[in-house]
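This report describes a structure through its sheets, cores and selected residues. The sequence and coordinates come before the discussion.

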Amino acid sequence: MVVYKEKLINTTSINNKLLILDSVSLGKISLVDINNSGGAVTPSATAIYPIEKANKIYIAHKYGQITVVDSKTDKMVKSISLTRGANPVSLAVDSDANRLYIANKWLNEVLVYNLKDYTLQAEIDAQGNTH
């Protein structure tokens, strides 16, 4: 769960939805279907890309998918299929370097994706358990 620009953003693993609430009134703003993102299941982590022109929400799914949602329109805009054996358990956005870092539990590595074209830049050995 994350808070961004008066929005409380929460993933629901039961029906693969992204629930977006008003962080002040706690009223529902929208419910985004992220189930059609290429077979993605069970959301496991969420990150925000807070640059004004980007305004993206990244949702990691168990079994190797990242869903990208536009936070202005609350619509899914992209699905990223990760490398073989991926089980993303946490995400971090580096807005200065324009990168998405993904902790991959099953392979004990950190995946680094370029946020301009969503290409894989690096696979870094995490030297043990990633969380």
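In which strand does Val 69 lie? Val 69 belongs to strand E7. The model under discussion is predicted.

## Val 69 and its surroundings

Val 69 has a relative accessible area of 0% and is therefore buried, a class that requires a value under 20%. Apart from its neighbours within four places in sequence, Val 69 is in contact with eleven residues listed here in two groups. The lower-numbered group is Leu 18, Val 32, Ile 34, Asn 55, Lys 56, Ile 57 and Ile 59. The other group is Asp 74, Lys 75, Met 76 and Val 77.

Of these contacts, Ile 34 is 35 residues from Val 69 along the chain, and the C-alpha atoms of the two are separated by 8.6 Å.

## The sheet E1-E2-E3-E4

Four strands form an open sheet in the order E1-E2-E3-E4, paired in the antiparallel sense. Strand E1 (2–4) and strand E4 (28–33) each have a single partner strand, so one side of each is left without a neighbour in the sheet. Neighbouring strands are turned by 25° against each other on average, direction ignored.

Within this sheet, E2 and strand E3 (residues 17–22) are joined in antiparallel fashion over 6 bridges. Thr 11 has Leu 18 in E3 as its bridge partner. Leu 18 is also among the contacts of Val 69.

## The salt bridge

How many salt bridges does a search of the whole structure find? The search finds 1. The side chains of Lys 7 and Asp 74 form a salt bridge, with an N to O distance of 3.0 Å. Lys 7 is in strand E2 (residues 7–12), while Asp 74 is in the loop between strand E7 (65–70) and strand E8 (75–81). The pair is 67 residues apart and links distant parts of the chain.

Both partners are classed as buried: Lys 7 has 15% relative accessibility, and Asp 74 has 11%. Asp 74 is also one of the residues in contact with Val 69.

## Nonpolar cores

The largest nonpolar core has 14 residues, and those with the most contacts inside it are Tyr 58, Ile 66, Leu 82, Leu 100 and Ile 102. Strand E6 (56–62), E7, strand E10 (99–104) and E11 each supply at least two residues of this core. A second, separate core of 10 residues includes Val 32, Ile 34, Ile 57 and Ile 59.

Ile 66, with residues up to four places away in sequence not counted, touches Tyr 58, Leu 82, Leu 100 and Ile 102, among others. Its contacts also include Ile 59, Ala 60, Lys 78, Ser 79, Ile 80, Pro 88 and Leu 91.

## The sheet E9-E10-E11-E12

Another open sheet of 4 strands follows the order E9-E10-E11-E12, with antiparallel pairing. Which strands stand at the edges of this sheet? Strand E9 (88–94) and strand E12 (120–125) do; each has a single partner strand, so one side of each lacks a neighbour in the sheet. From one strand to the next, the twist averages 20°.

Strand E11 (residues 109–114) pairs with E12 in the antiparallel sense over 5 bridges. There, Val 110 has Ile 124 in E12 as its bridge partner.

## Asn 87

Asn 87 is located in the loop between E8 and E9. Its relative accessibility is 7%, and Asn 87 counts as buried. Leaving aside neighbours within four places in sequence, the contacts of Asn 87 are Lys 62, Tyr 63, Ala 103, Asn 104, Lys 105 and Trp 106.

Methods
Residues are numbered from 1 along each chain as its sequence is written. This is a predicted model: local features need pLDDT of at least 70, side-chain atom pairs count only at pLDDT 80 or more; totals for chains, interfaces and linings use all residues. Side-chain values use heavy atoms; hydrogens and water are left out. Two strands pair if DSSP finds at least two bridges between them. Axes are lines fitted to C-alpha atoms, for helices over the stretch in contact, and angles run from 0 to 180 degrees between N-to-C directions. A salt bridge is a side-chain nitrogen of Lys or Arg within 4 Å of a carboxyl oxygen of Asp or Glu. Buried means under 20% relative accessible area, exposed over 50%, partly exposed in between (1.4 Å probe, protein chains only). Contact means heavy atoms within 4.5 Å. A nonpolar core is a set of buried Ala, Val, Leu, Ile, Met, Phe, Trp, Tyr and Cys residues joined through side-chain atoms within 4.5 Å.
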